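Student: Could you take me through one part of this model up close? I'd like a single helix and what surrounds it.

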Number of protein chains: 2
Amino acid sequence: MAEGNPILLDGYDKLFENRVRLGVMSVLAANDSYDFVSLRQMLGVTDGNLTTHLKALETAGFISSIKQFIGRKPNTSYSITEQGRSAFAAHIGALSKLLKV
Amino acid sequence: MAEGNPILLDGYDKLFENRVRLGVMSVLAANDSYDFVSLRQMLGVTDGNLTTHLKALETAGFISSIKQFIGRKPNTSYSITEQGRSAFAAHIGALSKLLKV
DNA sequence: GCGTTAACTTTGTGGCGCAAAGTACTTTTA
DNA sequence: TAAAAGTACTTTGCGCCACAAAGTTAACGC
């Protein structure tokens with residue numbers, strides 16, 4: 001019932017407000033690169049869903065992609081950018097602050 | 001690039017995938033009860049937005065509300081339910097697991 | 001009594017998450 | 001060697017939902 005001050009969430013980014021995006025960022029923060037198929041199986045999502053989220057993260061400048069062929073197969077691999085790394089860290093910071101209120 | 005096993009997120013609940021709802025649950029987990037106006041100022045959201053999220057959480061059985069008058073003013077106060085407490089704890093568990101991959 | 005503030009709730013809409021369908025290519029099968 | 005099936009994605013369409021503007025009810029100021 002007591003009144004409290006507004007919770008300020010400086011680094012919180014709505015773009016990360018999703019299980020798939022959190023998973024992608026988490027995986028890419030811990031690995032130099034990760035490809036589409038591995039991400040898909042890691043996160044247990046459909047192709048279309050994953051593409052959409054990857055595109056959103058890439059458009060925001062948080063990840064980058066490289067398309068190439070491995071043998072005869074197309075292969076797209078993703079990496080976190082510096083901007084992505086710091087934005088994600090800030091988001092997690094804001095999150096844990098929020099959850100500790 | 002290495003393949004990994006699917007991340008299983010047992011307690012993850014999409015209902016909590018939102019800053020306002022996380023904030024509400026966090027505040028209610030730490031306080032016996034909290035009223036509408038205090039929540040609104042704590043979270044810095046509009047009335048309509050807060051109402052919608054509170055209703056969603058209440059419909060799910062995660063929080064409960066009591067409407068009364070304090071003096072001449074209406075006052076709605078919210079509390080976390082047992083179900084809400086354990087669901088929220090499970091969600092946070094899944095979250096931190098996801099972020100630690 | 002009349003506007004203003006307070007405490008909510010209802011309503012309308014834009015945006016977005018999702019999977020089904022589509023594309024382009026390769027591999028298998030018969 | 002043609003067709004069928006698989007692989008690696010992308011595009012599309014739809015249904016839901018977060019959001020704030022507007023609405024409601026009642027008290028308070030003047």
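Tutor: Sure, let's start just past the end of the helix: right after α3(A), Gly61(A) takes a positive phi of about 85°. Helices here are DSSP runs of H or I with at least four residues, strands are E runs of at least two, and both are numbered from the N terminus. Some housekeeping: this is a predicted model, where local features need pLDDT of at least 70, side-chain atom pairs count only at pLDDT 80 or more, and totals for chains, interfaces and linings use all residues. Residues are numbered from 1 along each chain as its sequence is written, while chains are lettered from A and ligands numbered from 1 in the order in which they are written.

Back to α3(A): its 13 residues should span 18 Å at 1.5 Å a residue (times one less than the number of residues), and the end C-alpha atoms are indeed 18 Å apart. Leu50(A), His53(A), Leu54(A) and Leu57(A) are buried in this helix, meaning 20 or more other C-beta atoms, placed from the backbone, lie within 10 Å of a residue's own, against 12 or fewer for exposed and in between for partly exposed. Down the axis of α3(A), the buried residues fall within an arc of 100° (taken from the directions from the helix axis to the C-beta atoms), so they line one face. An α-helix has 3.6 residues a turn, so residues three or four places apart point the same way. Gly48(A), Lys55(A) and Thr59(A), on the other side of α3(A), are exposed. The cover over the buried residues of α3(A) includes α1, α2, β2 (63-70) and β3 of chain A, with contact meaning C-beta atoms, placed from the backbone, within 7 Å.

Definitions and conventions. Contact = placed C-beta atoms within 7 Å.
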